[in-house]
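Biologist: I would like a close look at one part of this model, the open sheet and what packs around it. Please go through it strand by strand.

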Amino acid sequence: MTNKVERMQFKYQYIYDKLRNLLENGRYHAGDRLPTEVELASRFKVSRPTVTRALNALQEEGIIVRKTGSGSFVNNFHSYKNRFNNRLFGLLVPGLGKGEIFEPICTQIAANAEKNQCSLLWSGSEIRTTEAAKSLVDVTQRYIDHHIAGVFFEPLELSPSFDQINRKIISMFQDAGIPIVLIDSDYLPFPERSNLDLVGIDNFRAAYMATSHYLRHGEKRIDFLARPYSAYTISIRLRGYRTALIDYGIIPQAEWIHLVNPEELEYITSRFDHPEAPPFNMICGNDETASALLGACESAGISVPGHLRIVGFDDVHYAQMLRVPLTTIHQSVQQIGNLALETLLWRIEHPDAPARTINAETRMIIRESCGMTGKTEISPFYS
């Protein structure tokens, strides 16, 4: 009998906590009607009396008003909401310190948050181990405990457990009723698409254009390099790369795609057995990978762009200051930061609207690493 009572207490408390979190985080507004007892019982797979108990507790706290024959309604929600940190947002960006593309994005979000009288909690670091990645779950719980009104989340990558951790974090925020804006990448693999807003760039089109840069100059083989366990944006870039090759009548070969660390040069050194071998064309998944490859080539005596031509993605601040300035796809980090904050503010006001994908502007920056600075350049393009 005791176990049965404990189970009932747990179910009641669970429903109470879920509903309260939704109310705290702006899911419902003053005067909004909550789902019926029957609907809630079905959603939570509990009995109707358990739901009734949770609703009665909310009514006793003055959070909702229950009207016989009409239902349950939010009571003076705005005054209740103001007891919580409804202008406090969270930044959960494990990419901070990894590739330097997320620092300026977060800086722009912070600047705009201040202009909009919002505050930010920050957390992020270079995380590439399973143990460290799990600490993100603890950060997520701290954000929830602070009753943040929304969160900007860059899904974890470069860890064997990244998919499991990302799903856990998303589930925790959603269960707490906290709106999420994804930065750069979805947490689901393409062609799946989550029900969350996503701010980034059109990765398919950007990769298509980068590949076309080589193809338009008569190149017949282009390789693609990315680190293992990269973000799902890389898989979309791979599709853009493959599609460009096919559109030019070239069937991409499996050995042209290298999912390895750029410091491991075995995948390209065999191409330089003959001094007269033509230059080797490479697209890197991002500038961090491209710059690591440049360093490895210098150590191995491989000339860039004489032996190896390289194109990257992101246009990080040091791209033009490398020993060989990097040709790359520029993405407007300032615009991404602006769009991210605008999207989260919009989502809080429109909680039931369909998920949106918002792409910032991109263009190709031609520098020495591609070996084609003296040839016709590709015009800027926009997503």
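Which residue in E5 is the bridge partner of Phe89?

Modeller: The bridge partner of Phe89 in E5 is Gly150. Before going further, note that this is a predicted model. The pair belongs to the contact between E3 and E5, two strands that run parallel and are joined by four bridges.

The sheet as a whole is open and has six strands in the order E4-E3-E5-E6-E7-E13, with parallel pairing. Strand E4 (119-123) and strand E13 (357-359) are at the edges with a single partner strand each, so one side of each has no neighbour in the sheet. Direction ignored, neighbouring strands of the sheet are turned by 20° against each other on average.

Start at the E4 edge. Strand E3 (residues 88-92) runs parallel to E4, and five bridges join the two. Within this pairing, Leu91 of E3 has Trp122 as its bridge partner in E4. E3 is also joined to E5, by the four bridges already mentioned.

E5 is covered on both faces. Gly150 and Phe152 are buried on one side, and Val151 and Phe153 are buried on the other. Gly150 is thus a residue with two entries here: it is buried, and it is the bridge partner of Phe89. On the way to E6, three bridges join E5 to that strand, again in parallel. Phe152 stands opposite Val181 in E6.

The connection between these two strands goes through a helix: E5, H7 and E6 form a right-handed β-α-β unit. Helix H7 covers residues 162-175, and its 14 residues should span 20 Å at 1.5 Å a residue; the end C-alpha atoms are 20 Å apart, so the expected span and the model agree. The buried residues of H7 are Phe162, Ile165, Asn166, Ile169, Ile170, Met172 and Phe173. They cover an arc of only 160° around the axis, which means that they lie on the same side of H7. After H7 comes Gly177, with a positive phi near 75°.

A second helix to consider is H12 (residues 333-349). H12 lies across E3, strand E5 (150-153), strand E6 (180-183), strand E7 (197-200) and E13. Its direction is at about 165° to that of E7.

The loop between E6 and E7 contains Pro191. The peptide bond that joins Phe190 and Pro191 is cis, with omega of about 15°. Most residues other than glycine have a negative phi, and most peptide bonds are trans. Another cis bond leads from Val304 to Pro305, where omega is near 10°. Pro305 is in the loop between helix H11 (287-300) and strand E11 (308-314).

Two backbone angles may also be checked. Asp314, which lies in strand E11, has a positive phi of about 120° although it is not a glycine. With 7% relative accessibility, Asp314 counts as buried. Lys45 has a positive phi too, near 60°, and is likewise a residue other than glycine. Lys45 is in the loop between helix H2 (37-44) and helix H3 (48-60), and at 71% relative accessibility it counts as exposed.

Notes
Residues numbered from 1 in each chain as written. Predicted model: local features only at pLDDT ≥ 70, side-chain atom pairs only at ≥ 80, totals over all residues. Heavy atoms only, no water. Expected span 1.5 Å × (residues − 1). Buried < 20%, exposed > 50% of the residue type's maximum accessible area, 1.4 Å probe, protein only. Arc of directions from axis to C-beta. Pairing = 2+ DSSP bridges. Axes fitted to C-alpha atoms, helices over the stretch in contact; angles between N-to-C directions. Contact = heavy atoms within 4.5 Å. Right-handed = clockwise from strand over helix to strand, strands pointing away.
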